[in-house]
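Please open the model in your viewer, with the cartoon and the side chains ready to be switched on and off. The tour below goes from one selection to the next and says what is to be found at each stop.

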Amino acid sequence: MAIAKSERLMNLALCLLGTRRPLSKRELRGSIEAYLEASGDDAFNRMFERDKDDLRELGLVIETVENLEGETGYLARRDSNRLPPITLDAEEAAALGLAAKVWQQARLAGAASGALQKLRAAGMPEAEDSYDTQPSALEPRIPVHETAFEPLMLACRDRRPVVFDYRKANAARPETRQVEPWTLECWRGHWYLAGWDRDRGAERVFRLSRITGKVRSRAGAFTAPVPDVSTVRETVESWAGETATRSARIRLRAGCGYPLRARARAVTEGGDGWDELEIPYGHGLDAWLVEFGPDVVVLEPADLRADVVERLRAVAKG
């Protein structure tokens, strides 16, 4: 049945895109086999109206006009359903290529790869390696192992309240939480959900690996305002236990590592293409520094330098 509907929608779309004049319901019914097989005019009219709404929901612009005989007709003009020319420079293409490599989760990886192929087919320039022609041992990855990720991602997008069982780090049993989800943030390799906890009447952050069972959607609108995304990111950082207790000194290649520069307490520009930064040193800094690969060299403290070197050696060994 799903296949039959897909074929019917495709045939209707082709008819509407291929015509130079508006087609009436009568003409469309005579051109599409599934409509000919409809049992009666009422069944056909209901089917046609649903199909027309589905195509519009998918993004097809369908115009309704009167044809020469005074009948209501339909057509989808090609110029109204064509994307404008894609103009991307090499740096923009490189940014999109990097973003497409990030996702490891199957559903998102397929969508990102397919979008990139379509852009390249439309003339997007190929991105070049910033350092070498050889593939880098360090590539951006966002691992997603938690089954709660996808339903929460959709709930954040659609602004739908959710219910799930959550076990705190120091709790023996999970508790049911009713949450208005704001956003998902990846911090030091772990995913966190920030949102409004209805039972506690306050904002809360939940680590996805501690969500047990299924995430259930609930009807209704949000009851609390959604804050700015940068404010939410700061909240996640604080709740994730990333408060810095010390400082570290690093050398950073000029023109690179802007997230590190944004958090730096002091920056000293060097004349050799490298700058020296003093940055907050807290739990997980070694994993973050490794992400910048050859652009970062740790000067002190010695334990941070050793942790970064150990992680790099592990990457080199595969």
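Select strands E4 and E5 of this predicted model, which pair in the antiparallel sense over 5 bridges. Within this pairing, show phenylalanine 164 and you will find arginine 177 of E5 standing opposite. Keep E4 (162–166) selected and add E8, since E4 and E8 also pair in the antiparallel sense, here over 4 bridges. The residue to display on this side is aspartate 165, whose bridge partner in E8 is threonine 212. Is E4 enclosed or left open by the rest of the structure? Of its 5 residues, 4 are buried, so E4 is largely enclosed by the rest of the structure.

Now move across E5 (residues 175–187) to E6 (residues 190–197), where 8 bridges join the two strands in an antiparallel arrangement. Glutamate 185 is a useful residue to label here, because tyrosine 192 in E6 stands opposite to it.

Next, widen the selection to the whole sheet, which is open, has 5 strands with antiparallel pairing, and follows the order E7-E6-E5-E4-E8. Strand E7 (202–207) and strand E8 (211–217) stand at its edges, and each has a single partner strand, so one side of each is left without a neighbour in the sheet. If you look along the sheet, neighbouring strands are turned by 40° against each other on average, with direction ignored.

With the sheet still displayed, add helix H7 (residues 149–158), which lies across E4, E5, E6 and E8 and runs at about 85° to E5. Cysteine 156, which can be picked out by its number, counts as buried at 10% relative accessibility. Cysteine 256, the next residue to select, is buried as well, with a relative accessible area of 17%. How many disulfides does the model contain? The count comes to 0 disulfides, the rule being that two cysteine sulfur atoms must lie within 2.5 Å.

The next stops are charged pairs, and the structure holds 21 salt bridges. Side chains of opposite charge can pair when their charged atoms come close.

Select aspartate 158 and arginine 160, whose side chains meet in a salt bridge at 3.4 Å, N to O. Arginine 160 counts as partly exposed at 25% relative accessibility, and aspartate 158 is partly exposed with a relative accessible area of 35%.

Then select arginine 249 and glutamate 300, whose side chains meet in a salt bridge at 3.0 Å, N to O. Arginine 249 lies in strand E9 (residues 246–253) and glutamate 300 in strand E12 (residues 296–300), so the pair ties together parts that are 51 residues apart in sequence. Arginine 249 is partly exposed, with a relative accessible area of 29%, and glutamate 300 is partly exposed too, at 39%. From this pair, go on to Glu175, Arg177, Asp197 and Arg200, which are joined into one network by salt bridges that share partners.

For another salt bridge, select arginine 21 and glutamate 27, whose closest N and O atoms are 2.8 Å apart. Arginine 21 is partly exposed, with a relative accessible area of 44%.

The last stop is helix H1 (residues 2–18), where methionine 10 has its place. Methionine 10 is partly exposed, with a relative accessible area of 49%. Add leucine 55 and draw a C-alpha to C-alpha distance: methionine 10 and leucine 55 are 45 residues apart in sequence and 9.0 Å apart in space.

Terms used. Residues numbered from 1 in each chain as written. Predicted model: local features only at pLDDT ≥ 70, side-chain atom pairs only at ≥ 80, totals over all residues. Heavy atoms only, no water. Buried < 20%, exposed > 50% of the residue type's maximum accessible area, 1.4 Å probe, protein only. Pairing = 2+ DSSP bridges. Axes fitted to C-alpha atoms, helices over the stretch in contact; angles between N-to-C directions. Contact = heavy atoms within 4.5 Å. Salt bridge = Lys/Arg side-chain N within 4 Å of Asp/Glu carboxyl O.
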